[in-house]
Amino acid sequence: MQDQIILFLPELFFLLMALVLFGLTLGSGRPKPRRDYYVALVLGAVGLVLTLGSIKAEGHLFFQAYRLDLFSQLFKCFLSFGLFLVICISSRLDDIEERRHPEFYLFLTTSTLGMMLLVSAVELITLFVALELSSYSLYILIPLRKGSSHSTEAGIKFFFIGAMASATMLFGMSYLYGVCHTTYLTGILSSLPAQIHAPGAVIGMVLTLCGLFFKLAVFPFHNWAPDVYEGGTNQVITFIATASKLAGMAILIRLTALTNGSSAYLINLLIVLSMIGMTFGNLVAIKQKDFKRLLAYSSIAHAGYILIGILTMSKLGYSSVIYYALAYLILNFACFMVLITTSEKGKNVAIEDFNGLYSRAPLLAMTLLLGVFGLAGLPPTGGFTSKFLVFIAAIEKGYFWLVVFAMVNVTISLYYYINVVKAAYLNPPAEGSEKIKISVPLRLLNYVVIIIILWLGLYPATLLDRARTAAEAVLAVL
């Protein structure tokens with residue numbers, strides 16, 4: 001029993017953190033935003049340390065429905081790191097009522113907890129419950145933005161599309177259970193390859209994956225992304241754009257590994273979704289003026305790149321996606337950190353608002369430059385290395401033409417990413433604009449983010465070794 005508690009320690013801590021934050025929501029006196037922030041910050045830091053300390057944990061819990069291996073523990077580290085980063089930049093929640101600040105931290109925590117459960121789930125019902133826990137927390141966070149009817153509309157739209165994706169996923173799971181007569185992934189693995197060509201198995205697998213495509217904003221399950229990005233508070237969208245994507249990548253790897261690459265239907269479907277997603281996301285992003293909407297369409301394109309690594313269903317492909325996950329988290333966070341710092345009272349930021357950023361805040365301009373260059377896939381950033389690894393995995397499997405198609409899309413994306421850099425470095429600042437003051441903690445955070453972006457680009461070996469071992473853990477069990 002004691003061993004099981006130790007294995008489950010990070011999840012138990014985040015549950016305890018949620019209870020503490022829930023206690024803060026019950027206060028009836030004057031709101032204390034600074035207290036709420038520091039409580040969340042300290043607890044988030046402790047949770048990150050605990051999660052890092054449990055990275056080597058291995059075992060099963062809850063009647064073999066919950067698996068701990070390097071794959072799940074690595075993604076839990078990414079998730080807790082993402083939560084900590086978002087809390088770090090939440091010292092000023094200008095567009096959320098002060099009395100709602102405890103709720104903001106509470107639902108960030110419960111969503112993270114749900115995602116941590118999700119990446120360890122190896123049983124369909126456990127997987128579904130974990131997915132719903134993480135999703136419903138996000139549905140509540142979107143309408144928290146005060147004084148904006150657009151956020152309410154975005155919240156409702158996000159909820160309805162999410163509910164439809166969940167229903168579709170549950171329907172697909174029922175087909176998988178009907179075909180395989182078990183809800184455990186290991187049991188499904190033993191019978192699915194022999195029946196993967198049966199219509200019921202294919203329909204079940206595809207519909208189940210639809211729910212996960214929603215998490216990743218894969219085309220055509222992306223409709224929520226631009227409106228939600230625009231309607232939600234900047235800090236909430238930072239969390240959605242970083243941490244929530246990781247959980248989708250993790251469970252998509254676990255489920256696609258079930259087929260062992262034996263379903264040509266599934267591979268062809270992933271190829272089509274990848275190609276359309278990359279092209280649609282990049283072409284529509286070119287027209288965007290709002291920076292958050294640009295990042296939303298960029299995320300749709302990135303989901304297409306990620307699918308290239310996943311559809312190879314090889315150790316190299318999965319390890320490249322794991323590497324991509326951390327790189328994408330830190331690059332997106334860099335962009336959102338600059339957005340939040342330059343935003344006035346939590347308002348949305350247009351690309352022209354970055355005009356002359358280099359003269360107003362050189363450090364922020366450098367962070368933004370590395371963030372967007374990384375998303376574009378330019379060296380020496382982590383974005384270049386992660387794309388390079390994904391493309392190498394695809395070429396190894398014979399998808400050379402798909403890599404060429406992706407490279408064309410990378411070239412298209414350069415246009416709108418460079419437009420952001422042009423605004424920051426070449427355009428003159430707006431008349432009357434003042435220098436942006438950056439606090440010492442935020443300055444340090446900028447330096448840390450810049451170092452990680454460059455470290456991922458120049459020294460990939462350490463993380464890549466871990467990613468390969470994690471991918472082996474998934475393939476060995478399944």
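In which helix is Leu 269 found? Keep that question in mind as you look through these views of a predicted model; the answer comes in the first legend.

**View 1. Leu 269 and a far-off partner, Ala 45.**
Leu 269 is found in helix α12, which covers residues 264–285. Is its side of the story one of being buried, exposed or something in between? Leu 269 is partly exposed, because its relative accessible area is 28%, and that value falls between the 20% limit for buried and the 50% limit for exposed. Now look for Ala 45: it is 224 residues away from Leu 269 along the chain, and the two C-alpha atoms are separated by 41 Å.

**View 2. The whole chain, for orientation.**
Before going further in, it helps to step back. The chain contains 20 helices and 2 strands. Its C-alpha trace spans about 70 × 55 × 40 Å along the principal axes. A compact globule of 478 residues would have a radius of gyration near 23 Å, and the chain has 21 Å, which agrees. Of the 478 residues, 62% count as buried. Among contacts with a separation of 6 or more, 81% are between residues 24 or more positions apart.

**View 3. The surface and charges of the chain.**
The accessible surface comes to about 18200 Å², and 67% of it belongs to carbon and sulfur atoms. How far apart are the mean positions of the positive and negative charges? The chain has 32 positive and 24 negative charges, and their mean positions are 3 Å apart.

**View 4. Two residues of helix α6, Leu 138 and Val 129.**
Helix α6 runs over residues 124–141, and Leu 138 lies in it. Val 129 lies in α6 as well. Which of them is buried and which is exposed? Leu 138 is buried, with a relative accessible area of 2%, whereas Val 129 is exposed, with 51%. Leaving aside neighbours within four places in sequence, Leu 138 is in contact with Ser 111, Phe 158, Lys 215, Phe 239, Ile 240 and Ser 244. For a sense of distance, Leu 138 and Gly 178 are 40 residues apart in sequence and 31 Å apart in space, C-alpha to C-alpha. Val 129 and Leu 117 are 12 residues apart along the chain, with 9.0 Å between their C-alpha atoms.

**View 5. Helix α5, enclosed by the rest of the structure.**
Helix α5 takes in residues 101–120, which makes 20 residues. From its first C-alpha to its last it reaches 30 Å, close to the 28 Å expected at 1.5 Å a residue. How many of its residues are buried? The count is 20 of the 20, so α5 is largely enclosed by the rest of the structure.

**View 6. Helix α14 and the residues at its two ends.**
Helix α14 has 28 residues and reaches 41 Å from first C-alpha to last, close to the expected 40 Å. The helix is mostly covered, with 27 of its 28 residues buried. Met 313 sits in the loop between α13 (291–311) and α14 (315–342). Met 313 has a positive phi of about 50 degrees, although it is not a glycine. Met 313 is also buried, with a relative accessible area of 10%. Ser 343 has its place in the loop between α14 and α15 (357–360). At 7% relative accessibility, Ser 343 counts as buried. Setting aside neighbours within four places in sequence, Ser 343 is in contact with Arg 92, Asn 234 and Val 349.

**View 7. His 181, another residue with a positive phi.**
Where does His 181 lie? His 181 lies in the loop between α7 (149–180) and α8 (185–195). Its phi is positive, about 60 degrees, although His 181 is not a glycine. His 181 is exposed, because its relative accessible area of 62% is over the 50% cut-off.

**View 8. A cis peptide bond between two prolines.**
Pro 379 and Pro 380 are joined by a cis peptide bond, and omega is about 5 degrees. Pro 380 is found in the loop between α16 (362–376) and α17 (382–396).

Notes
Residues numbered from 1 in each chain as written. Predicted model: local features only at pLDDT ≥ 70, side-chain atom pairs only at ≥ 80, totals over all residues. Heavy atoms only, no water. Helix = DSSP H or I, 4+ residues; strand = E, 2+ residues; numbered from the N terminus. Buried < 20%, exposed > 50% of the residue type's maximum accessible area, 1.4 Å probe, protein only. Expected span 1.5 Å × (residues − 1). Rg over C-alpha atoms; globule rule 2.2 N^0.38 Å. Contact = heavy atoms within 4.5 Å. Areas by Shrake-Rupley, 256 points an atom, 1.4 Å probe, with all protein chains shown as cover. Lys, Arg positive; Asp, Glu negative; His and termini not counted. Charge placed at Lys NZ, Arg CZ, Asp CG, Glu CD.
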